[in-house]
Amino acid sequence: MGVIRMKAIIDGLIVLPNEILGGHIVLYEGDKIVEIRPRKGYRFGLCTDIVDANGGFVCPGFINEHIHGIAGADAMDESDDALTTMQKALPKTGVTSFLPTTMTYDKARIEGALQRIRNHVDNGAGARVIGAHMEGPFINADYKGSQEAAYIATGDMPWLAPYQDIIKIMTIAPETVSHSTVVKDMHNAGIILSIGHSAATYEEVEDAVRKFDMYHVTHLFNAMPQLHHRKPGIIGAALTDDKAHCELICDNLHVHPTVQKLVYRLKGPSGIILVTDSLRACLMGDGPSELGGQNVMVKHGEARLADGTIAASVAAMNDVVLNFILASGASIPEAVSMATVNPAKDLGIFHRIGSLEAGKLADITILDTNDFHVKQTLIGGKLVYDENNKDER
């Protein structure tokens, strides 16, 4: 028999999908969770290491399915170091897995980004790279947001065929690909269709998603027509179709807190996925930045292009989750699930990550109960971030 090297997280409030457990401990061995059990009566002499949560929330590591950059790095940077920088920075925000998100660019630049993302899957450098979210170039120029108009393209999947293993989500404007095979090819490849940067009508949305059991809506309300009582459009479909799982950027700039509450009441806890959609300026403070080849200025925590267009966010995931709780009245387990359970299920990886259960990877973040700042983060059972030891790896 091998030597048991059990480790434990103690003195925390353990956040499960439907409840918060006090008086319990999380036991893990190697990279996997072994058990969640009452602390009383457990012989800690069997443990080789103990992590003291000091009363904090013990949550599954957050999964960010839509993020362009953080800590000065961007998924489109033509350097392997950029993704490594993102991997090392994200645990400070509680994120343990993410989809680096590409921008509307020329084919060569997008292909290069997808190849680098593939090379970083399971490389152990920090937060897990679990695939790519491809945002554009098949979008509507009228709702491009901070995407570069010069690179917007019509639907054409053949050049992406070599990357279908790494592309997990594609944001497209369905009205721009109505005469191509893009939607059919996405369905056949198991890529999640996400509708965004689009002027699609309600009927065009219905037609595009007909064969999908589930689809996403990219940053709901942003880069799409407003809801109209005679033209329900994308928002009308998103809020009434149970198959639609809606991304929300809850930095209180992209979506007003009252509207966050409205979405919660209409979609419920299973229909929302919290994302940051952050650019490289996240964690960097105010000042000049860049997104998709365009100059950005961050001022008072708002990132905008020169013409005033909102350019992604500078929000961290732990703040997004807290903002949503305060705005919507959702419970802590519900809001945490929107950044863990929901994306994991949709991406088909809930058997590995997304909740604190025996047999799943020990991807865990510990949050302060007052302001949700990240105290500690573990990935695969390894402590990769500790607020009291910033150099922890």
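The exercises below, each with a worked solution, concern a predicted model.

**Exercise 1. The sheet that contains β1**

Task: Determine the strand order of the sheet that contains β1, and state which strands stand at its edges.

Solution. Begin with the order: 4 strands form an open sheet, arranged β5-β4-β1-β6. The pairing in this sheet is mixed. Next, take the ends of that order. β5 (32-38) and β6 (47-52) each have a single partner strand, so one side of each is left without a neighbour in the sheet. Neighbouring strands are turned by 25 degrees against each other on average, direction ignored.

Now look at one pair inside the sheet. Strand β1 (residues 6-10) runs antiparallel to strand β4 (residues 24-29), and 4 bridges join them. One register point is A8, whose bridge partner in β4 is L27.

**Exercise 2. The hairpin of β19 and β20**

Task: Describe the pairing of β19 with β20, then place the two strands in their sheet.

Solution. Strand β19 covers residues 287-291 and strand β20 covers residues 294-299; they pair in the antiparallel sense over 5 bridges. The register can be read from two positions. G287 is opposite V298 in β20, and L291 has Q294 as its bridge partner. The hairpin has 2 residues between the strands, and G292 takes a positive phi near 60 degrees there.

For the wider setting, 3 strands form an open sheet in the order β19-β20-β21, with antiparallel pairing. The edge strands are β19 and β21 (302-304), each of which pairs on one side only. From one strand to the next the twist averages 30 degrees.

**Exercise 3. Unusual backbone geometry**

Task: Locate H219, A312 and the peptide bond from G136 to P137, and say what is unusual about the backbone at each.

Solution. The reference point is general: most residues other than glycine have a negative phi, and most peptide bonds are trans.

- H219 has a phi near 30 degrees, a positive value in a residue other than glycine. H219 lies in the loop between β16 (215-217) and α5 (233-240). With a relative accessible area of 4%, H219 is buried.
- A312 has a positive phi of about 60 degrees and is not a glycine. A312 is in the loop between β21 and α7 (317-328). The relative accessible area of A312 is 6%, so A312 is buried.
- The bond from G136 to P137 is cis, with omega near 15 degrees. P137 is in the loop between β13 (132-135) and β14 (167-172).

**Exercise 4. The surroundings of Y264**

Task: Decide whether Y264 is buried or exposed, and list its contacts beyond four places in sequence.

Solution. First, the position: Y264 is part of helix α6 (residues 257-267). Second, the accessibility: the relative value for Y264 is 17%, and the cut-off for buried is under 20%, so Y264 counts as buried. Third, the contacts: leaving aside neighbours within four places in sequence, Y264 touches P269, I272, F324, S328, G329, A330, S331, E334 and M338. As a distance check, Y264 and G155 are 109 residues apart in sequence and 33 Å apart in space, C-alpha to C-alpha.

**Exercise 5. The cavity**

Task: State how many cavities of 30 Å³ or more the structure holds, and characterise the lining of the largest cavity.

Solution. The structure holds 1 such cavity. The largest cavity has a volume of about 30 Å³. Its lining consists of V15, L16, P17, P60, V336, S337, T340, V341, G354 and S355. Sorted by type, the lining residues comprise 6 nonpolar, 4 polar and no charged.

How values were computed. Residues are numbered from 1 along each chain as its sequence is written. This is a predicted model: local features need pLDDT of at least 70, side-chain atom pairs count only at pLDDT 80 or more; totals for chains, interfaces and linings use all residues. Side-chain values use heavy atoms; hydrogens and water are left out. Two strands pair if DSSP finds at least two bridges between them. On a 1 Å grid over the protein atoms alone, a cavity is a set of points where a 1.4 Å probe fits but cannot get out, and a pocket is an open set with protein on both sides within 12 Å along at least five of seven lines; lining residues have an atom within 4 Å of a point. Grid points are joined across faces, edges and corners, and a volume is the space filled by probe spheres set on the points. Ala, Val, Leu, Ile, Met, Phe, Trp, Tyr, Cys and Pro count as nonpolar, Asp, Glu, Lys and Arg as charged, and the others, Gly among them, as polar. Buried means under 20% relative accessible area, exposed over 50%, partly exposed in between (1.4 Å probe, protein chains only). Contact means heavy atoms within 4.5 Å. Axes are lines fitted to C-alpha atoms, for helices over the stretch in contact, and angles run from 0 to 180 degrees between N-to-C directions.
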